[in-house]
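Please open the structure in your viewer and keep the selection panel at hand. The tour goes from one sheet to the domains and then to the chain contact.

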Amino acid sequence: MKLKDLTFRGGVAVSDNKGLTKDLLIEPAEDPSMVMIALHQHTGAPCEAVVQAGDEVKVGQVIGQSQAFVSAPVHSSVSGTVKEIVSMAIPTGLTVECVVIESDGKNTMDESIKPNGGLEDLSPEELIEIIKEAGITGMGGAGFPAHVKFSPPAEKKIDTILINGAECEPYLTADHRLMVEEPDKIVFGLKVIMKAVGVDKGVIGVEVNKPDAIKALKEASRDEENISIVPLKVKYPQGDEKRLIDVILGRQVPSGGLPMDVGAVVSNISTTRAIAEAVMDGKPLYERVVTITGQGVKNPRNLVVKVGTPFKDIIEQCGGFNEGSPGKILMGGPMMGISQYSIDVPVIKGTGGILVMTEEEAKPEPLQPCIRCGKCLEVCPVYLQPIYLSNYALKGDFDKAEALHALDCVECGACSYQCPSKRPLVESIRLAKREIIAKRNKTN
Amino acid sequence: MDSRVASAPRAEEVALENMLLVSSSPHIRSNESVQRIMLDVIIALTPAIIGSVYFFGINALKLILISIASSMFFEAIIQKLFGKPITIDDFSAIITGILIAFNLPASAPWWLPIMGSAFAIIVVKQFFGGLGSNFMNPALAARAMLLTSWPIHMSTFTGTRPDVMSAATPLAIMKFGMSADGTASATVESATSASQAAGAELPTLWNLFIGNNPGAIGETSILLLLIGAAYLIIRQVIDWKIPVAYIGSTLAMLMILGVESQFIPYHILSGGLILGAFYMATDYASSPVTSKGRIVFGIGAGILTAIIRVNGGYPEGVSYSILLMNITVPLIEKLTAPKKFGEVK
């Protein structure tokens, strides 16, 4: 295996803008007085509330659960009283049931939260159960339940666990700070996953713009023969899991397939840390590190935020908005983040960052005709032809878009970023994907 | 805490919600722009413009300026007539203007570039949808039209010294001068070249390289064209694949056709090959967007150029080769679609 700045074909160089927060220590956020905890913030079946208005709850207590395998329980992040269960908008754009809890400010921990004992005393099955009970879902965005990922069907032979420390989204530094400040937890989390899946090889890939993280992880893993830290070239979307598998293992996940199809399981840094805490302390996933950043916010910070805290509270704690009005507020980074129409939405398990863009930055650039420069083909990490996909999508010819593999698009946005004519490439391909999937569901 | 949101009454919050822009990701864009790309091409052409004035005199400058001005004029007027936004500020008409002039002999009359740019801009570019939609290179299509309509004007080349009123291009010398049989040529253009070629001598390779030889005003200085081409490749405005495949395959095909090795450097360094390969064949709208397609396109143009030069009636084959390849682009793209990541074999 080559050990020097691995990279993939395609992708774009994006100015990372991480300087705003990359050297700021992770600090706890102020306790929210009220949290709104979404019952469906993961991929899979939504949870049913197991509490009702008027109930007293404690920190870490299960408040939502589902019998489905592909689902993850939801826990309270505060101690206090359940006010109501209402439908409201969450930052993914969906409107889902949320449990509104008024905090009593005491943060009384639930009795169920206690250390699980040493890693050597726990079987893989027990580890997966712990991860499942802790409600851990992929914290990089997709929110896929971790225990499902770690329970591949028997015919899929997994040989490597990859930890995704690329954090290729500009601005975001939550994972970066975790690697620097809590490298032992990341390494421990990786060991948990390796044992849970039954694999003896673990690799942590980190982009080279985080030398302090690479150093800290190397230090933390110096006694681990089976764990290696791999420097990756800074290029977007390096942190896309299929790119990561390709550059580190040299294996292409087949179109429409999953990492397990090529013997790999990928986990994000924040997720891995949450897994470590679930095993070490019995702590369920009810808080996470969030980077609050951007030119539009006064004091960018890396904060440990309780799930359910409204964006508004957190932005206030960062000094509020800068002079002039904010133009755009995103959950996530500028390449794949979801723009918000309100700051009353709550933080969910997948909220790695809140980015406030100024009005100036958010101003859309004038559209020009496509000049067929072909840059979108050059940057596409999946080797698609965004120019044609987009043309068909904009004409409503979704069958042709499907024939050109629209469904393989990972929506990284590299094409739209690079386009000199500022064409809505990924935006229209996204539309085509939705139409194609809707049509498939209708015919099935 | 001095936060507007913290202290905001409800009404202002509603206002904030109305102010927030909501859109699909990505939320940032690169600094690239159509103007910047076009400007880069103009910058790349500047050394050759200066060289053409140095070698061919003030008439070259006059032709270039008339050509640019008329291209911009026709673009603006046709867009106004069509009720479309006027886009001469994207600089693309300037490039078409320069390239049309580059394809003219220095002795061309002042109205020739006007005819050329009217055809290039109105018919080839705007009738087919404007920027990015022309299926042929507008400047080359204009050259072909001018050559058919005014063959004598288009093929009476002057030398680079003021006292030489008419001279033969190195390609014409190779084609007709050496065979000493100018009368056999099929066209007026060839005949003109041939009569000039009779008894003419080939310039030195060094003169060819720096541009001190007869030819169209923009095509002669290989050195200055290559400087601009290097700039375009470094700036990633053009892909090296088309020019390298083009020149390489021209070379290979000339050898296959049995051209004597002493003449091969003349084939590469004279005529429109370098100008065509780096500045015309790489025209975005009329060349493939796929990576493999660009190589196929370059090879096709190279083979055609060599065949036309050696076996055809014309001494020069660059413009027709590129135009012929232009119309094969949709087919090439279809056959060279990239294999997607993780394609199940």
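Two residues are in contact if their C-beta atoms, placed from the backbone, lie within 7 Å. This is a predicted model: local features need pLDDT of at least 70, side-chain atom pairs count only at pLDDT 80 or more, and totals for chains, interfaces and linings use all residues. Residues are numbered from 1 along each chain as its sequence is written, while chains are lettered from A and ligands numbered from 1 in the order in which they are written.

**Stop 1: the sheet**

Helices (H or I, at least four residues) and strands (E, at least two) are DSSP runs, numbered from the N terminus. Two strands pair if DSSP finds at least two bridges between them. In chain A, select strands 1, 14, 13, 17, 15 and 16: these 6 strands form an open sheet in the order 1-14-13-17-15-16, with mixed pairing. Strand 1 (26–28) and strand 16 (338–340) of chain A are at the edges with a single partner strand each, so one side of each has no neighbour in the sheet. On average, neighbouring strands of this sheet are turned by 30° against each other, direction ignored.

Now zoom in on strand 1 of chain A, which runs parallel to strand 14 (residues 301–306) of chain A and is joined to that strand by 3 bridges. Here I26(A) is opposite N302(A) in strand 14 of chain A.

**Stop 2: the helix across the sheet**

Axes are lines fitted to C-alpha atoms, for helices over the stretch in contact, and angles run from 0 to 180 degrees between N-to-C directions. Select helix 3 (residues 174–181) of chain A, which lies across strand 1, strand 13 (287–293), strand 14 and strand 17 (353–358) of chain A. Helix 3 runs at about 120° to strand 13 of chain A.

**Stop 3: the domains**

Colour chain A by domain: domain 1 (31–112 + 284–361), domain 2 (114–281) and domain 3 (375–443), with bounds from an automatic or database domain assignment. The C-alpha centres of domains 1 and 2 of chain A lie 23 Å apart. Their contact takes 30 residues from domain 1 and 25 residues from domain 2 of chain A. Which strand gives the largest share of the domain 1 side? Strand 13 of chain A does, with 5 residues.

**Stop 4: chain A against chain B**

Finally, show both chains; the contact takes 55 residues from chain A and 38 residues from chain B. On the chain A side, strand 15 (326–331) is among the elements that supply at least two residues, and strand 15 of chain A gives the most, with 5 residues.
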